[in-house]
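Hi,

Here is the structure I promised to pass along. Have a look at it first, and then read on for what turned up.

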Amino acid sequence: MRNIAIIVSTLLALFTACTEENVYYYRINGSGVAFGDTLYLYGLDKRYEFMDTILADSVGNFKHEIYADTIFPLSLVMPKGETFVLYAEPTLETTIFPDSADNDKWHINGGKLQQEYDSIAARLEGLSPVMQYEEIDSFVRCNPMSEVNIMLLRRYIVESESPNNRNIREILNKIGGKLNDNDYIKYVKELIEHKRAASTILYSSAPSFNFTAIDDSTKILNARYK
C-alpha cells in the first residue's frame with residue numbers, strides 16, 4: 001500500500017512539474033515565407049539575452065517557443081529584413097501571417113501589449129519627429145505603466161537620428177510604477193545624468209580669469225570660452 005502511495009505521489013509530482021513548465025512558454029507560429037528561410041529572434045533587454053534562429057519548413061511555415069515566466073520584448077527579423085517587435089508573455093501564442101492582398105505587409109495577432117504597440121507604431125509611421133514625440137508623449141501620459149512605453153522611448157526617441165535630451169527626460173518623468181526598475185530605463189537615466197554632469201563640468205569648473213594677451217591689447221576672459 002505504501003509503495004502505491006509513493007508511486008502515485010511521484011506521478012503527481014511529475015505531472016505538476018510538466019504542467020508548470022508548460023505554463024511558462026511563449027509560442028510563435030507563422031506562415032508566408034519560403035522553404036529553408038531563416039528568421040532571427042533576439043531579446044531587447046536583459047530579460048531575454050539570447051538570439052535564436054528559426055527555420056521555415058517545406059511549405060514556408062515556422063514555429064518557435066521560448067521560456068517566459070514574465071513579459072519581455074523581442075525583435076523578430078524576417079528573411080527579407082523586415083523587423084517586428086513582439087511581446088512575449090507566459091502561455092501566449094503569437095501568430096504572424098502575410099496580408100492576402102499584399103505579401104509585403106504582415107499581420108501579427110498577439111496579446112494586449114502587442115495590440116497596443118502595433119496600434120501606436122502604425123500611427124507613428126510617416127510622421128515627423130516632432131509629431132512622433134507628441135503622439136508618444138500623449139500615450140505615455142495616459143498609460144504611464146504600460147510596458148509599451150519602454151520600446152517607444154527606445155526606438156523613436158533615444159535611438160532617433162537626432163535624440164533630444166529634453167524630450168528623453170520628459171518621457172522618463174512620465175513613466176511610472178515598476179517600469180522605473182527596468183534595466184533599459186535605468187541605463188537611459190544614468191546616461192542622461194552623466195551628460196548633464198559632463199555639461200556642468202564643461203561650463204562651470206574652470207576658475208575665473210581675466211588678463212591681457214602678449215600683444216598688450218587683447219583682453220582674455222574665461223566667459224568668452226563657455
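I'll start with a stretch of helix α4: its buried residues are V148, N149, I150, M151, L152, L153, R154, I157 and V158. That makes α4 a mostly covered helix, with nine of its 11 residues buried. Do keep in mind that this is a predicted model.

One residue on that list caught my eye. N149 belongs to helix α4, and its relative accessible area is 0%. Since the cut-off for buried is under 20%, N149 counts as buried because its value is 0%. So what does N149 touch, leaving aside residues up to four places away in sequence? Its contacts are F139, V140, N143, P144, I175 and L179.

L153, also among the buried residues of α4, has its own set of neighbours. With residues up to four places away in sequence left out, L153 touches V158, I168, I171, L172, I175 and I185. I175 turns up here, and it is in the N149 list as well.

R154 is another buried residue of α4. Its charged end sits over the ring of Y184, 5.0 Å from the ring centre.

Now to the cores. The largest nonpolar core has 28 residues, and those with the most contacts inside it are Y117, L152, L153, I168 and I171. Which elements supply at least two residues each to this core? They are β6 (83-88), α2 (112-124), α3 (129-142), α4 (148-158), α5 (165-174) and α6 (183-204). The largest share, seven residues, comes from α4. There is also a second, separate core of 22 residues, which includes V33, L41, F72 and W106.

M78 is worth a click while you have that second core on screen. You will find M78 in the loop between β5 (72-77) and β6. Is this loop residue buried or exposed? M78 is buried, with a relative accessible area of 2%. Not counting residues up to four places away in sequence, M78 touches V33, L39, F62, F84 and W106. Among these, V33 and W106 are members of the second core. V33 is 45 residues away from M78 along the chain, yet their C-alpha atoms are separated by 8.5 Å.

On to the strands. An open sheet of four strands runs in the order β3-β2-β5-β6, with antiparallel pairing. Why is one side of β3 and of β6 left without a neighbour in the sheet? β3 (51-55) and β6 stand at the edges and each has a single partner strand, so there is nothing in the sheet on the other side. On average, neighbouring strands here are turned by 25° against each other, direction ignored. Within this sheet, β2 (residues 38-43) and β3 pair in the antiparallel sense over five bridges. L39 has I54 in β3 as its bridge partner, and L39 is also one of the residues that M78 touches.

β1 is another strand to look at, as it pairs in two senses. With β4 (residues 62-67), β1 (residues 25-30) pairs in the antiparallel sense over six bridges; here I28 stands opposite H64. With β7 (residues 93-98), β1 pairs in the parallel sense over four bridges. On that side, the bridge partner of R27 is E93 in β7. If you are colouring side chains, remember that in a regular strand the side chains alternate between the two faces of the sheet.

A few words on the aromatics. The count comes to six aromatic pairs. One of them is Y48 with F50, an edge-to-face pair at 5.0 Å centre to centre and 65° between the planes. How do the two partners compare for exposure? Y48 is buried, with a relative accessible area of 10%, whereas F50 counts as exposed at 53%. Y24, Y25 and Y67 also form one aromatic cluster.

Last, the overall numbers. The chain has six helices and 10 strands. Of its 226 residues, 33% count as buried. Taking the contacts in the chain with a separation of 6 or more, 54% are between residues 24 or more positions apart.

If you open just two places, I'd pick N149 in helix α4 and M78 in its loop between β5 and β6.

Cheers

Methods. Residues are numbered from 1 along each chain as its sequence is written. This is a predicted model: local features need pLDDT of at least 70, side-chain atom pairs count only at pLDDT 80 or more; totals for chains, interfaces and linings use all residues. Side-chain values use heavy atoms; hydrogens and water are left out. A nonpolar core is a set of buried Ala, Val, Leu, Ile, Met, Phe, Trp, Tyr and Cys residues joined through side-chain atoms within 4.5 Å. Buried means under 20% relative accessible area, exposed over 50%, partly exposed in between (1.4 Å probe, protein chains only). Contact means heavy atoms within 4.5 Å. Rings of Phe, Tyr and Trp (its six-membered ring) pair if their centres lie within 6.5 Å; planes under 30 degrees apart count as stacked, over 60 as edge-to-face and the rest as tilted. A charge sits over a ring if NZ of Lys or CZ of Arg is within 6 Å of the ring centre and within 35 degrees of the ring normal. Two strands pair if DSSP finds at least two bridges between them. Axes are lines fitted to C-alpha atoms, for helices over the stretch in contact, and angles run from 0 to 180 degrees between N-to-C directions.
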